[in-house]
Amino acid sequence: MTRLKNESYYDKFSAMYEQERHKRYHRFLDESELTAARPYVTGGKVLEVGCGTGLVLEPLSQMADQAFGIDISRGMLSKALARGLKAAQASATDLPFKDNTFDAVVSFKVLAHIEDIKQTMSECTRVLKPGGHLVLEFYNKNSLRHLVKVLKPAHKVAASTTDDQVYTRYDSLQDIKNYLPTNVSIEKTVGIRCLAPTYHFFNAPVIGPVVDKVERSVQNTPIGRLGGFLIVVARKL
C-alpha cells in the first residue's frame with residue numbers, strides 16, 4: 001500500500017473537511033480541545049501547529065492576545081486565511097519562528113500523522129518561551145479507539161483515500177514522554193473520547209447528548225488515561 005504524503009492528503013481532504021464539523025461529535029472534540037488549552041493561551045502569544053482550516057485557531061485567536069497558525073497544506077490554509085486568521089504554510093519539523101517566541105504552542109489532530117515526531121517536539125519547544133506550555137494531542141495506544149482501529153477494515157477519509165493510506169501513529173504516555181526534550185516537564189493529561197468505541201454514539205439522536213455529557217465528565221479523571229485522544233500539557237523549564 002502506497003502512503004500519501006501529508007501535503008497531498010490534506011490538500012485533497014480540505015474540500016470535504018468541514019462537511020460534518022457541525023455534528024455533535026466534532027463539536028465535542030473541538031470544544032474539549034479548547035477547554036484544555038484555555039488556561040495556557042488566554043492573553044498570550046500562541047502558535048497552533050497544524051491549524052487546518054482554522055476551526056480551532058479562530059476561537060483560540062479570541063482567547064489569546066496574538067494567535068498564529070501553520071499548516072503544510074495550501075488547501076487547508078486557504079480556508080483559514082479566508083476566515084481572516086494569521087496563518088502560513090510551513091512544516092512542523094521546521095517552524096519559521098525565532099527561539100522563545102510563544103507563550104503557548106498547541107497542536108490537535110495532527111501529531112499522530114507526523115513521522116518525525118521527535119524533531120517536531122524539538123521545534124515546538126524551541127519556539128516556546130521558558131515557562132510556557134505545550135498543549136499537544138496524541139492518538140492513544142491504550143484506548144478503545146485504537147482497538148477499533150486495529151480490528152476494523154479500512155474506511156474512506158476523503159473522496160479517493162482510505163485511512164490505511166495515511167500515516168497514523170498511536171502512542172502510549174511513555175512514548176510521548178520519550179518524544180519530548182529534556183527541558184520539558186509534563187504537568188497534566190486530558191483524555192478525550194474515553195468510553196465510546198465509535199463516534200456514532202455521539203451523533204445518535206437519543207443517546208448522543210448523554211454520551212457527550214458523560215465523556216466530558218471523565219476527561220480529567222483517571223479514566224482520561226484511556227481517551228482515544230490524549231492531550232498532554234507540558235511546561236518548558
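What share of the 237 residues in the protein chain is buried? Buried residues make up 52% of them. The model is predicted. Its secondary structure comes to nine helices and nine strands. Among contacts with a separation of 6 or more, 74% join residues 24 or more positions apart.

**The sheet**

Seven strands form an open sheet. Their order is β3-β2-β1-β4-β5-β9-β8, and the pairing is mixed. The edge strands are β3 (87-89) and β8 (184-192). Each of these two pairs on one side only. From one strand to the next, the twist averages 15 degrees.

Start at the β3 edge. Strands β2 and β3 run parallel and are joined by three bridges. One residue pairing across them is G69 with A87, the bridge partner in β3. On the other side of β2 in the strand order comes β1. Strands β1 and β2 also run parallel, with five bridges between them. Here L47 has F68 as its bridge partner in β2.

Strand β2 is largely enclosed by the rest of the structure, because five of its six residues are buried.

**Helices on the sheet**

Two helices can be placed against these strands. Helix α4 (residues 74-82) lies across β2 and β3. Helix α4 runs at about 165 degrees to β3. Helix α5 (residues 117-126) packs on the sheet as well. The strands that α5 touches are β1 (45-49), β4, β5 (128-139), β8 and β9 (229-236). The direction of α5 makes about 145 degrees with that of β5.

**Aromatic rings**

How many aromatic pairs does a search of the whole structure find? The search finds eight. A pair of rings is described by the distance of the centres and the angle of the planes. Two of the pairs involve F102, and the table gives their values.

| Pair | Centre to centre | Angle between planes | Type |
|---|---|---|---|
| F68 and F102 | 6.0 Å | 70 degrees | edge-to-face |
| F97 and F102 | 5.0 Å | 85 degrees | edge-to-face |

Why does the pair of F68 and F102 tie together parts that are 34 residues apart in sequence? F68 lies in strand β2 (residues 66-71), whereas F102 lies in strand β4 (residues 102-107), so the pair links those two parts. F68 is also the bridge partner of L47.

Is F102 buried or exposed? F102 is buried, with a relative accessible area of 1%. Its partner F97 counts as partly exposed, because its relative accessibility is 22% and the buried class ends under 20%.

Elsewhere, Y25, F28, Y199 and F202 form one aromatic cluster.

**Charges over rings**

F102 has a further neighbour. The charged end of K45 sits over the ring of F102, 5.8 Å from its centre. R145 lies over the face of Y139, at 4.3 Å from the ring centre.

**Cysteines**

How many disulfides does a search of the whole structure find? The count is zero. Two cysteines can still be described by their burial. C124 is buried, with a relative accessible area of 0%. C194 is buried too, at 3%.

**Looking back**

F102 brings several of these features together. The F102 ring is buried, pairs edge-to-face with F68 and with F97, and has the charged end of K45 over it.

Technical notes
Residues are numbered from 1 along each chain as its sequence is written. This is a predicted model: local features need pLDDT of at least 70, side-chain atom pairs count only at pLDDT 80 or more; totals for chains, interfaces and linings use all residues. Side-chain values use heavy atoms; hydrogens and water are left out. Rings of Phe, Tyr and Trp (its six-membered ring) pair if their centres lie within 6.5 Å; planes under 30 degrees apart count as stacked, over 60 as edge-to-face and the rest as tilted. Helices (H or I, at least four residues) and strands (E, at least two) are DSSP runs, numbered from the N terminus. Buried means under 20% relative accessible area, exposed over 50%, partly exposed in between (1.4 Å probe, protein chains only). A charge sits over a ring if NZ of Lys or CZ of Arg is within 6 Å of the ring centre and within 35 degrees of the ring normal. A disulfide is a pair of cysteine sulfur atoms within 2.5 Å. Two strands pair if DSSP finds at least two bridges between them. Axes are lines fitted to C-alpha atoms, for helices over the stretch in contact, and angles run from 0 to 180 degrees between N-to-C directions. Contact means heavy atoms within 4.5 Å.
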